[in-house]
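Biologist: I am new to this structure and would like to be led through it by questions. Could we take it piece by piece, with each answer reasoned out?

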Amino acid sequence: MSYRLLILSDYITAPSYSPRLTSLLRYLHAQGWSCTLAADNLPGKEYTTDICPQVNMTYTGGKLSDKLFGARERAFTRMLLRKFKAGDFDCIFCSVYYYFPLQTAAALSRKWRIPFVVDMRDIVEQWGNTPYFHTPLPKILGLERILSHLYERHNIRARNRVLCQASAITTVSNWHQSLLQSVTTAPVSCIYNGYEEDEVRSAGFKATKQFNMTYMGRLINLQARQPELLFAGIKELAGGNDLAIHFYCEKEYQESLRQMAAKYGAEKNLYMHPFVSRNQIKDILSETSIIVALGAPASSGQHGILGTKVFEAIGAEKPFMLIPSDEDALSELIRETNIGIAARTAEDVREFVKKTYTQWQTLGYTHRAVRDKERFSRIHQNRQFEEILAEQITKKHE
């Protein structure tokens, strides 16, 4: 049976690109689902796809009216009610970064009397002591921290009210699942992010002239990420011609990284690069000896954050090193899969690098045997999504 699915999403263009959603789109299309994508866009960055029909909205209203009165959400709802009618879809799937477009999904579900499933990719609580706003609220008499806290509480309460109306909820880690299940009666399932099999299969294992340690992704905050632990751990190898440390990150942190590397004699080993596109990742993975991730320390209070790089490492079977250990979901996943180490100290870094370096000297490349690898592929995750969506549609017709 060909199900008709309306997929709602927030920004899926850079910098909020969502491989989780685009992979699901491709999979459902291949399985015969009739999908329509409705997404919000950043001005000047319209997302387009040839996978399925799509409807885009670029919200141009004020940020304050959006945050305080939900103007963007109401505009999105009005646009979709003009374009579609009851009977056009069997189910709504809502992919969410914090909150938008939850209200739209709930409103359309009530209007058309069809189920809606929510995929919570991020939630406010996961950030612990770190404010989650990319755009701060207005500074009013020095009360912006209080206003931010009050808005977070308002956001969480509003989100929970909508989640109680959902037919089913999915999220990205066991920690997220446990927290969300405590605030809603709707069933909550954990569906990890994963690796694209085509990408990692074509990466392979390539002998290299240098032992390459690679970091790919945003740094955001060097005090929180603590990259100095990496340089302290590789001090014994620093200065040699066969060690290369590659950072694909924001330009504004490059000078700080160079100063850290120089402190440990590793300035000649450090190579700085701009961000890379998805189709470049497989080539970088094939020449990488250790994939490095810089996590937040346990003291930050962050929970359940599993970046895409650990899944790419699992798929490519490449050694993975988290610095420092988050003492949380990512450390647990590393132990569970045997993909690498969650380092607490410079000595942890040193021992793991030395052991992996020895393998590279012997083989010319590195490899890590992974437990239960297939469980973390995008295909496996997409099948989980399909089962949940089909179940909710079937229940509606019973």
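Biologist: Which residue follows helix 12, and what is its phi?

Modeller: Please keep in mind that this is a predicted model. Helix 12 covers residues 308-316, and the residue that follows this helix is Glu 317. The phi of Glu 317 is positive, near 55°.

Biologist: How many of the residues of helix 12 are buried?

Modeller: The buried residues of helix 12 are Lys 309, Val 310, Phe 311, Glu 312, Ala 313, Ile 314, Gly 315 and Ala 316. Helix 12 has nine residues and is mostly covered, and the number of them that are buried is eight.

Biologist: Turning to the sheet, in what order do its strands lie?

Modeller: The sheet is open, has seven strands and is built with parallel pairing. Its edge strands are strand 3 (54-57) and strand 7, each of which pairs on one side only, and the twist from one strand to the next averages 20°. Read across the sheet, the order is 3-2-1-4-5-6-7.

Biologist: At the edge formed by strand 3, which residue of that strand stands opposite Ala 39?

Modeller: Strand 2 (residues 34-40) runs parallel to strand 3, and four bridges join the two strands. The residue of strand 3 that stands opposite Ala 39 is Asn 56.

Biologist: Which strands does helix 3 touch where it packs on the sheet?

Modeller: Helix 3 (residues 71-83) packs on the sheet with a direction that makes about 145° with that of strand 3. The strands that helix 3 touches are strand 1 (4-9), strand 2 and strand 3.

Biologist: At what angle do helix 3 and helix 4 pack?

Modeller: Residues of helix 3, including Phe 76 and Leu 80, meet residues of helix 4 (102-112), among them Ala 107 and Leu 108. The crossing of these two helices is right-handed. Their axes lie 8 Å apart, and the angle is about 35°.

Biologist: Which strands pair with strand 6, and over how many bridges?

Modeller: On one side, strand 5 (residues 116-122) pairs with strand 6 in the parallel sense, and Ala 168 is the bridge partner of Val 117. Towards strand 7 (residues 188-190), which also runs parallel to strand 6, Ile 169 stands opposite Val 188. The answer is therefore strand 5 over four bridges and strand 7 over three, where a pair needs at least two bridges.

Biologist: Which handedness has the unit that links strand 6 to strand 7?

Modeller: The unit is made of strand 6, helix 6 (residues 174-181) and strand 7, and it is of the β-α-β kind. Its handedness is right-handed.

Biologist: Are the two faces of strand 6 buried or exposed?

Modeller: Strand 6 spans residues 168-171, with Ala 168 and Thr 170 on one side and Ile 169 and Thr 171 on the other. As these four residues are all covered, both faces are buried.

Biologist: Why does Thr 170 count as buried?

Modeller: Thr 170 lies in strand 6, and beyond its neighbours within four places in sequence it is in contact with Val 118, Asp 119, Met 120, Ser 189, Ile 191, Phe 385 and Ile 388. Buried means under 20% relative accessible area, and Thr 170 counts as buried because its relative accessibility is 0%.

Biologist: With which side chain does the side chain of Thr 170 make a polar contact?

Modeller: Asp 119 is one of the residues in contact with Thr 170. The polar contact joins the two side chains at 2.7 Å, and the partner is Asp 119.

Methods:
Residues are numbered from 1 along each chain as its sequence is written. This is a predicted model: local features need pLDDT of at least 70, side-chain atom pairs count only at pLDDT 80 or more; totals for chains, interfaces and linings use all residues. Side-chain values use heavy atoms; hydrogens and water are left out. Buried means under 20% relative accessible area, exposed over 50%, partly exposed in between (1.4 Å probe, protein chains only). A crossover is right-handed if, with the strands pointing away from the viewer, the path from the first strand over the helix to the second runs clockwise. A polar contact is a pair of N or O atoms within 3.5 Å; within protein, one must be able to donate a hydrogen and the other to accept it, and residues adjacent in sequence count only if both atoms are side-chain atoms. Contact means heavy atoms within 4.5 Å. Axes are lines fitted to C-alpha atoms, for helices over the stretch in contact, and angles run from 0 to 180 degrees between N-to-C directions. A crossing is left-handed if the near helix is turned anticlockwise from the far one by less than a right angle, and right-handed if clockwise.
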